[in-house]
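Trainee: I have a model open and I'd like to learn the words people use for it. Could you take me through some of them?

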Amino acid sequence: MIKVYLVEDQALVRDAIAALLSLDFNIEVIGQASNGQDALTAINMLDSNSLPDIILTDIEMPSMNGIELSEQIASKYPAIKIVIMTTFSRAGYIRRSLSAGVKGFILKEAPSDELISALKKVMHGQKVIDPELAINALDDTDPLTDKERKALQLASEGLKTADIAARLYLSEGTVRNYLSDAIAKLNAINRVDAARIAKQKGWL
């Protein structure tokens, strides 16, 4: 029996996936959450015998996204396998997900039997990546540094330079340099345009 914990912010989608997985006699959905933070909190409360084998999670969610959740789980519970499902066919997400230890990456548009098959393959130690996503991952490289990405992310949330500097414990001049570099690398008009491009690519 494969114990699956399901993380998806859209209730109807989450319920539908849970119902679908429950139709397979070898899969048990042991818990659900609407975001990564709630999932992590719930899993932290489980004893070692009750932990899921696989966490099946969306990427874009409030509070904590799927990649951030994957990083936390990989650090605290290395035996738990992560499979990400998403409607976003973006190369940047794949690279960051794999770096976070994700074992499977599939599109929500995939047929139900492919989802179930992917979970079983991951459970047996295989990595599963949708072919379309794998090709995209090879074609697009994130040019941003970690600090540029953090500054751009905060800028996209509406924070001013001074606020970003305070949040990252940097000088305003350093933050302006990071944002200018990010704008140049992405051939953007300004920081808003740079954030838009980076999000489209899956780099933010």
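Mentor: Let's start with angle words: angles under 35 degrees count as roughly parallel, over 145 as roughly antiparallel, 65 to 115 as roughly perpendicular and the rest as oblique. This is a predicted model, where local features need pLDDT of at least 70, side-chain atom pairs count only at pLDDT 80 or more, and totals for chains, interfaces and linings use all residues. Residues are numbered from 1 along each chain as its sequence is written, and side-chain values use heavy atoms, leaving out hydrogens and water.

Trainee: What makes α7 and α8 oblique to each other?

Mentor: Helix α7 (residues 146–156) and helix α8 (residues 161–168) pack at about 130°, with their axes 10 Å apart. Axes are lines fitted to C-alpha atoms, for helices over the stretch in contact, and angles run from 0 to 180 degrees between N-to-C directions. About 130° fits none of the named ranges, so the pair is oblique.

Trainee: Which residues make that contact?

Mentor: On α7 they're Lys-150, Ala-151, Leu-154 and Ala-155, and on α8 they're Ile-164, Arg-167 and Leu-168. Contact means heavy atoms within 4.5 Å. By class, that's 5 nonpolar, no polar and 2 charged residues. Ala, Val, Leu, Ile, Met, Phe, Trp, Tyr, Cys and Pro count as nonpolar, Asp, Glu, Lys and Arg as charged, and the others, Gly among them, as polar.

Trainee: Why does Arg-149 count as buried or exposed?

Mentor: Buried means under 20% relative accessible area, exposed over 50%, and partly exposed in between (1.4 Å probe, protein chains only). Arg-149 has 18% relative accessibility, so it counts as buried. This residue lies in helix α7 and touches Asp-142, Leu-144, Trp-203 and Leu-204, not counting residues up to four places away in sequence.

Trainee: And what about Ser-50, in which class does it belong?

Mentor: Its relative accessible area is 29%, so Ser-50 is partly exposed. Ser-50 sits in the loop between α2 (36–44) and β3. Leaving aside neighbours within four places in sequence, Ser-50 is in contact with Lys-3 and Ile-30.

Trainee: How do you know which strands pair with β5 and β6?

Mentor: Two strands pair if DSSP finds at least two bridges between them. Strand β5 (residues 104–107) and β6 are joined by 2 bridges and run parallel, so by that definition they pair. The open sheet has 6 strands in the order β2-β1-β3-β4-β5-β6, with parallel pairing. Its edge strands are β2 (27–33) and β6 (128–129), each pairing on one side only.

Notes:
Helix = DSSP H or I, 4+ residues; strand = E, 2+ residues; numbered from the N terminus.
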